Amino acid sequence: MAACNVPSRLLSLRQKQKFTCLRCQWSTRRKASTYTNETDLSEDVVPDSSLLTPQPGQDVITSWDPVRRSRNRRKQLPPSRYKFRPPRYYRGPLHPHQPPPPSSPHSRLFIPGPFSLPRLQQTYTSTLAPDLLSLLYTHHPPGTLPGPSGQRLRGWDNSSPYHKNRPLRGPRGRPNLPLMKRPITFRNIPRLEKIVVHHVIRSGENRDSSYLHVAGMILQAVTNVRATVCYARHTIANFGMMKDKTPMAVKAELKGEDMYCFLSKVVDVVMPRIKEYKGVSGGSGDGSGNLAFGLQPSAVGMFPEVEVNYDM
């Protein structure tokens, strides 16, 4: 009697729910290839497996000719159908065409090599890096935190009443604070990042472009990197300087193999030939990993790329 009172619309809805449950149950079946023993199979698993399908016959294998099939097409496929060309521009992570990583040979940014490491880089990897790690490593046992660091700003000794409520002073000998030093581990051993070589043009020479061209060619021959021109940042009428128009210097930024080759050339070839050379001063840097030194104009002629053009 209760079933008679149920509207026909509810009965049809109940049948639809039953049908969808059957579809879900059928879609959740798994293949038998994921089981090792047939006795473990349940009624939800299809007893067929893709590994048990028979191989094609010899007549099917011999009749398969993709070249003839492509020639018999009425309309040929575009030549880029089977040739992947990376996009020229990166259009975001959601674009369907993504460029390959730079390490892939198909990438536009792929740079082959290095085929051989410079001698200075091999010396750093085999000798200098382990020695630096042994000298600078600070061990912290597991579960312990490093101790508190010292005070970076200097206080006042309260020897005068005017010292009260004064702000702390900066470090001695410099106006600003140095960089924070991280604990040295095998992941951040000090190493060379880049070398910037620049040549400053005197105020009287920046009006003639020939000096700029010669300086750029010498810098390119010595560093193996094309030099870029640096322009004036401010306008000074007394010196004839105009902002972003007057060339002041040329520079070249070295990284990787060119960096190690240039440094080994300076240390092994140029510096030993300078008469009464006192070396690079240890105080020429900023104490945060940057070191700066210069060479006289006569020392530039000792580079092999420049010396070969001299008339001895």
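Which elements are included in what covers the buried residues of helix 7? In this predicted model, the cover includes helix 5 (119-136), strand 3, helix 6, strand 5, helix 8 (297-300) and helix 9 (304-307).

## Overall fold

The chain has 312 residues, of which 16% count as buried, and its secondary structure comes to 9 helices and 5 strands. Read along the sequence, these elements follow the pattern α-α-β-β-α-α-α-β-α-β-β-α-α-α. Among contacts between residues at least 6 apart in sequence, 46% join residues that are at least 24 apart.

## Helix 7 and the nonpolar core

Helix 7 is made of 14 residues and spans 19 Å from its first C-alpha to its last, which is close to the 20 Å expected at 1.5 Å a residue. Its buried residues are Met259, Tyr260, Phe262, Lys265, Val266 and Val270, a list in which the lysine stands beside residues such as Phe262 and Val266.

The largest nonpolar core has 23 residues, and those with the most contacts inside it are Leu254, Phe262 and Phe303. At least two residues of this core are supplied by each of strand 3 (195-200), helix 6 (209-223), strand 5 (247-254) and helix 7 (257-270), with the largest share, 5 residues, coming from helix 7. Leaving aside residues up to four places away in sequence, Leu254 touches Lys194, Ile195, Val197, Thr223, Val225, Met259 and Phe262; of these partners, Met259 and Phe262 are also listed among the buried residues of helix 7.

## The largest pocket

The largest pocket has a volume of about 2100 Å³. It is lined by 48 residues, and the closest to its centre are Lys194, Ile195, Asn290, Leu291 and Ala292; Lys194 and Ile195 are also touched by Leu254.

Helix 5, strand 3, helix 6, helix 7 and helix 8 are the elements that give two or more residues to this lining, and the largest share, 6 residues, comes from strand 3. By class, the residues of the lining divide into 33 nonpolar, 10 polar and 5 charged.

## The second largest pocket

The second largest pocket has a volume of about 210 Å³. Its lining consists of Ile111, Pro112, Gly113, Pro114, Phe115, Ser116, Leu117, Pro118 and Gln121, together with Gly256 and Glu257, and these residues comprise 6 nonpolar, 4 polar and 1 charged.

Note on methods
Residues are numbered from 1 along each chain as its sequence is written. This is a predicted model: local features need pLDDT of at least 70, side-chain atom pairs count only at pLDDT 80 or more; totals for chains, interfaces and linings use all residues. Side-chain values use heavy atoms; hydrogens and water are left out. A nonpolar core is a set of buried Ala, Val, Leu, Ile, Met, Phe, Trp, Tyr and Cys residues joined through side-chain atoms within 4.5 Å. Buried means under 20% relative accessible area, exposed over 50%, partly exposed in between (1.4 Å probe, protein chains only). Helices (H or I, at least four residues) and strands (E, at least two) are DSSP runs, numbered from the N terminus. Contact means heavy atoms within 4.5 Å. The expected span of a helix is 1.5 Å times one less than its number of residues. On a 1 Å grid over the protein atoms alone, a cavity is a set of points where a 1.4 Å probe fits but cannot get out, and a pocket is an open set with protein on both sides within 12 Å along at least five of seven lines; lining residues have an atom within 4 Å of a point. Grid points are joined across faces, edges and corners, and a volume is the space filled by probe spheres set on the points. Ala, Val, Leu, Ile, Met, Phe, Trp, Tyr, Cys and Pro count as nonpolar, Asp, Glu, Lys and Arg as charged, and the others, Gly among them, as polar.
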